[in-house]
Each structure stands twice: as C-alpha cells, then as structure tokens.
Amino acid sequence: MKKTLLSFSVLFFTFAVQAQEYTPLQVSSGYNADVIADGLNPAAASTSSAVDNANFNFLSNDYQATESSPTNDFGLPTSGYFESGATSGLTYQMAPFYENNSLQLHEQGDEGTLTFANAVTATDLYFMVSSGSGQATFSGLIYFSDNSTQEIVDSVVPDWFYSNLLPVITSGFGRVNRENDIVENPFGNPRLYQLTIAILPENQAKTVSSVYVYKTSIAEGVINIMGVSAKILPSCPSPSGLEAASTANGGTISWTSAVITPGVGYDYYYSTDSTTPSESQTPTGTLPASATTVTLSSLATGQQYYFWIRSNCSASSKGEWTLVTFTTGQLPFPYNEGDISTLYSSSTVTVDSENSCPGFLTVSVPVGYQIVSTATSYQMQTASNGWMSEQRSLLICNTSGVAESEITAGVGGSTGTYSYSREGLDIANGLTGDVQFELRAWRTYGSSDCNMDYNRVLGDTWTVTITYQTLGIADNQKNSFVAYPNPTHDILNVSAEENISSIKIYNMLGQEILNSNGGNNLVQLNISSFAKGTYLLKAATDNGVKTINIIKD
C-alpha cells in the first residue's frame with residue numbers, strides 16, 4: 001500500500017499562482033498507468049505497469065523495496081515538480097506517485113485523452129515524454145473550450161536512454177526492475193524529454209481544455225506522457241510569423257496580426273546592432289493595428305539589419321519585442337528537383353573526390369551587381385541502418401571552378417536527420433549573371449554506387465543564398481576604387497581616387513600571376529591571356545592596399 005503524498009495538491013497551487021509566462025497544466029483525468037515506484041514497497045506492488053517492455057520502472061527518491069534496502073538520492077523527487085533543463089522558467093508537475101501518473105500507449109492505435117483542470121490560453125504546449133524499448137510516434141488533437149480542434153501531427157518520442165533527439169527535461173534518475181527490485185543508476189539515464197507543440201495563431205485566444213493522442217508507430221516502443229505545461233498567452237501579445245525579404249538597399253517585413261488587436265497599434269525598431277531594445281526604447285516608427293507589412297528603404301547594401309516589432313495595447317501595456325533579421329542585397333534560391341542521392345565511398349572523401357550524382361542549382365545575380373558572399377543550408381537523412389556520422393558533402397561553384405576548402409561531415413552514431421548550414425563562403429565572389437552551384441554528397445557505408453538506400457539529401461531543404469553588392473565596388477570602398485568592365489575578356493581598367501603604385505593579381509589558389517607598376521590613379525591591364533575564372537586583384541595606393549574580385553570571361 002503506497003503512502004499518501006498530500007504535498008502534491010499544495011505544490012501545484014503554489015506553482016500555478018507564481019508562474020507568469022509558463023504554467024504546468026493540472027491533469028484531472030486521463031493517466032492510465034502508475035509507472036513510478038515509490039515508498040516502502042516492492043516495485044511490482046508500488047506500480048501498475050512497467051515503463052517499457054522489459055519490466056523496468058522509474059523510481060522515486062524515497063523508494064525502498066524493504067526496510068533493509070538501501071536508500072537513494074538520485075530518484076525522481078517526491079514532489080513530482082521539475083524545472084525544465086531545456087527551457088528557462090518552464091516547469092512541470094507530475095501526478096502523485098501513489099496513483100496513475102502516465103498516459104501510456106503500448107500498441108499502434110492505443111489512445112487516450114488528458115483533460116485539464118486549469119485550462120488556459122496558450123501559445124505553446126510542452127509534453128513531458130519518454131518511450132521505453134525504442135522510440136515511438138503519436139498523433140492527436142488539441143481540444144479548445146469552443147469545441148474546435150488543432151491537429152497534432154506525427155510526433156517522435158525518443159527512447160528513454162541516450163537519445164538527444166528532443167531537449168532533455170531531466171535525466172540520470174535511475175530505474176528499478178519490477179520483477180527483482182534491483183535498482184540501477186546508469187550515468188545520464190533514464191531521460192524525460194520535452195516535446196513542443198505550437199498553438200496556431202488563430203487558436204491562441206482559445207482556452208485549451210484537453211488533448212487527445214494515439215500511437216501511430218508499429219514498433220514496440222511504449223509511449224509515456226507524464227506531464228503537460230503551457231506558455232501562457234500574454235495580455236498584450238505581439239504579432240507572430242515574422243518574415244523578411246530584402247532588396248539591394250531595403251527590405252519588406254511581414255507578420256501575422258496579434259491574436260488580440262492592440263489598441264494603439266504596433267511599434268517597430270530596426271538597427272545594425274543586435275542588442276534587443278528595452279521596453280522604454282523610442283520606436284523607429286509606429287503602425288496601425290490593421291498593418292501586416294512595412295517596407296524600409298535607403299539602407300546600406302550588404303548590411304545585416306535587426307528588426308523588432310511589438311504590440312502597443314495602451315500606455316501601460318506593451319508586448320515583447322519580436323525579432324527578425326535580414327541582410328540587404330541577399331537572395332535565397334531553393335532547390336526543387338527532388339531528393340539528391342549519395343555516392344558510396346570506401347576511402348576517405350576529399351575536396352577532390354569525384355561524384356557522379358550531385359545536385360545542381362543555378363542562381364541569378366541581379367543586373368548591375370556581383371556576389372560578395374554565399375551561404376548554403378540543407379538536411380541529410382538516413383535510411384535503413386545508415387548513420388548520420390557517415391554523411392559527407394561539399395559545395396562547389398561550377399561557374400568559378402572553386403570548391404569549399406574542406407569536406408563537411410555529419411555527427412551521430414545513429415539514424416536520423418542532420419542539418420547543415422554554412423555562411424560566408426567566398427567560392428563565387430565577384431560573379432555576375434547566372435551562377436551554377438553543385439552539391440556533392442557521399443556516404444561511407446552501405447552498398448555501392450549512387451542511391452538513397454542509406455543516406456540522402458532532402459532536396460526541398462537545400463538552399464543557396466547569395467549576398468550581392470554593386471558591380472565593381474568592394475566592401476567599404478564605395479566608388480573610390482573600381483575595376484571595369486567586370487567581367488572582361490581582355491582590357492581591365494583599375495581606377496582609384498588616389499595614386500596607384502602597384503597592382504598584383506592572384507588566382508583562387510593564392511598564386512601570383514601578374515605584378516604591374518602603377519604611377520597614377522588609372523591603370524589599364526591586358527588579361528586576355530588569363531584562363532576564364534575569378535581572380536583577386538590587390539592594388540597598393542597612397543591610402544593602403546585595396547582588393548577586389550575580377551572575372552575573366
């Protein structure tokens with residue numbers, strides 16, 4: 001017979017009152033299994049079900065199978081209250097350990113509903129979850145007090161040991177075998193994870209009353225949902241879904257209107273400084289509550305800007321500043337030709353390794369501009385028993401013939417999806433017009449030739465983003481130093497406001513291929529003998545050395 005823990009109801013009330021931004025949701029019904037061994041009892045008598053399919057349970061830090069059994073200081077706290085190890089300020093409250101404390105889903109199609117006593121309006125729900133005997137997935141519905149619903153799409157619950165697939169709320173609290181009462185305390189395990197479900201803007205002003213879930217996976221993983229918390233909708237919520245699109249010297253920012261219409265409208269502020277503005281910051285401008293876009297102009301080309309917006313409900317009630325960033329003179333180009341195969345390589349992959357199944361993507365530089373920086377992002381996904389650590393990839397600019405300086409490799413000795421992102425690449429600097437990029441992808445395990453059986457690039461995630469500036473103008477040099485025409489086939493003019501004493505040109509391997517004396521502020525060079533491609537020009541002037549990329553067509 002388990003002992004009664006009266007502190008649960010008191011603790012929940014205290015935390016709910018103190019919570020401002022986040023609050024645990026009190027489950028009034030829906031838990032169907034007691035999986036936490038607590039008090040002075042054998043584990044089998046103290047619980048109704050195992051966490052997994054191997055007869056293990058979580059345990060409380062007051063658990064003892066018998067009076068002579070050793071005590072522990074690593075089990076779950078008897079209060080059942082947790083501060084999230086993943087999100088500052090977010091807390092969870094478990095159900096009492098002496099009653100059902102998990103919504104457990106064993107087989108595909110198993111279902112259940114958690115009903116909340118303290119229904120709230122929220123922007124996000126956070127599930128405290130874990131799966132025994134392997135990861136599993138569930139779907140479901142969020143129910144609101146007006147009887148409307150929001151779908152919960154297929155959500156992965158990781159295995160309770162070792163996974164980092166989701167943020168970890170708490171870990172290392174041990175387990176007990178419910179057949180023989182042997183307690184184990186493996187380092188860093190078991191784990192409880194944080195699964196976030198975003199409430200759609202159109203539902204955020206509605207009260208969350210319950211959630212319905214059902215297991216969708218066939219595998220044996222046993223889903224345990226052991227708590228739900230919420231991020232409370234503020235009294236003056238700010239707009240959401242900020243997006244920014246840039247031009248050479250401006251940007252347009254759009255957003256989804258705040259779910260509660262602000263009485264005064266919106267304040268916005270932008271800067272090249274990333275510091276979040278204070279509550280008392282004088283806005284750059286104001287907008288009516290009906291506005292969903294604003295366009296900024298006369299900005300510096302190639303500069304990163306930080307744009308914040310907030311709701312202004314009244315003189316004493318303003319929302320939080322919400323951020324989006326953009327860089328003027330920046331354009332993203334998504335790949336739309338489907339997934340990209342990987343080539344098997346049994347030897348070390350280098351930047352010189354061939355690849356017979358790459359993806360190709362062409363970007364178009366606006367007329368009158370040249371590329372000054374390139375970024376790329378994509379995801380690679382495993383299949384069968386491929387691992388993320390077996391992924392290799394490389395971006396090449398075919399127009400310039402320049403590749404990245406090193407291979408990028410995945411991380412993780414398990415299956416999954418790994419995200420890649422690189423910025424500040426100079427492999428296409430100085431190029432104009434249509435520029436082609438090539439993404440080569442390899443795997444170091446699994447069969448031979450090109451296929452998607454073990455690893456692949458998710459094609460709809462691959463994007464090449466270019467940053468461009470006015471043709472013939474280097475960073476921070478305005479019109480004081482230009483090379484024209486650029487590209488050129490033979491004659492290149494180099495002009496500066498001050499005297500040019502010498503000019504050197506280097507290929508993309510860093511080898512010097514031209515050294516010419518100057519003598520005035522305009523120098524003409526004949527580069528007709530150069531091979532087609534991109535070169536780096538350095539000019540020594542009275543005001544220092546200046547550089548620019550040139551292109552021989």
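# Notebook: a predicted model, from S69 to the cores

I began with S69, which is buried at a relative accessible area of 18%, and I counted it so because buried means under 20%. The model I am reading is a predicted one, and I kept that in mind for every entry below. I located S69 in the loop between β4 (56–59) and β5 (81–83), and I found that its side chain makes a polar contact of 2.9 Å with the side chain of T66.

**Whole chain.** I then stepped back to the protein chain, which has two helices and 41 strands. Its C-alpha trace spans about 95 × 65 × 40 Å along the principal axes, and buried residues make up 51% of its 553 residues. I looked up the accessible surface as well, and it comes to about 24,500 Å², with 47% of that belonging to carbon and sulfur atoms. Of the contacts between residues at least 6 apart in sequence, 73% join residues that are at least 24 apart.

**Nonpolar cores.** Which residues have the most contacts inside the largest nonpolar core? I noted L114, L125, F127, F138, I142 and I225, in a core of 31 residues. The elements that give two or more residues to this core are β7 (103–105), β8 (111–132), β9 (136–144), β10 (149–157), β14 (191–198), β15 (207–215) and β16 (222–232). Among these elements β8 gives the most, with seven residues. I followed L125 further and, leaving aside its neighbours within four places in sequence, I listed its contacts as L25, I142, L195, T196, I197, I199, V208, V211, S229 and A230. Apart from this core lies another, of 28 residues, and I wrote down L425, W462, V464 and Y468 as being among them.

**A three-stranded sheet.** I next traced an open sheet in which three strands follow the order β35-β36-β39 with antiparallel pairing. The edge strands are β35 (481–484) and β39 (522–526), each of which pairs on one side only. Neighbouring strands of this sheet are turned by 15° against each other on average, with direction ignored.

I went through the pairings one at a time. Four bridges join β35 to β36, and F481 has A496 in β36 as its bridge partner. A hairpin through six residues connects β35 to β36. On the other side, β36 (residues 491–496) is joined to β39 by five bridges, and these two strands run antiparallel. Here I found N493 standing opposite Q524, and L492 with L525 as its bridge partner in β39.

**Backbone details.** Where does P485 lie? I placed P485 in the loop between β35 and β36, and the peptide bond that joins Y484 and P485 is cis, with omega about -15°. I recorded another cis peptide bond from N189 to P190, with omega near -10°, and P190 is found in the loop between β13 (183–184) and β14.

I also checked for positive phi in residues other than glycine, and Y162 has a phi near 75°. Y162 sits in the loop between β10 and β11 (168–171). Is Y162 buried or exposed? I entered Y162 as exposed because its relative accessibility is 59%, and exposed means over 50%. S298 has a positive phi of about 60° although it is not a glycine, and I found S298 in the loop between β21 (293–296) and β22 (304–314). At 69% relative accessibility, S298 also counts as exposed.

Methods
Residues are numbered from 1 along each chain as its sequence is written. This is a predicted model: local features need pLDDT of at least 70, side-chain atom pairs count only at pLDDT 80 or more; totals for chains, interfaces and linings use all residues. Side-chain values use heavy atoms; hydrogens and water are left out. A nonpolar core is a set of buried Ala, Val, Leu, Ile, Met, Phe, Trp, Tyr and Cys residues joined through side-chain atoms within 4.5 Å. Buried means under 20% relative accessible area, exposed over 50%, partly exposed in between (1.4 Å probe, protein chains only). Contact means heavy atoms within 4.5 Å. Two strands pair if DSSP finds at least two bridges between them. Axes are lines fitted to C-alpha atoms, for helices over the stretch in contact, and angles run from 0 to 180 degrees between N-to-C directions. Accessible areas come from the Shrake-Rupley method with a 1.4 Å probe; for residues, only the protein chains shown count as cover. A polar contact is a pair of N or O atoms within 3.5 Å; within protein, one must be able to donate a hydrogen and the other to accept it, and residues adjacent in sequence count only if both atoms are side-chain atoms.
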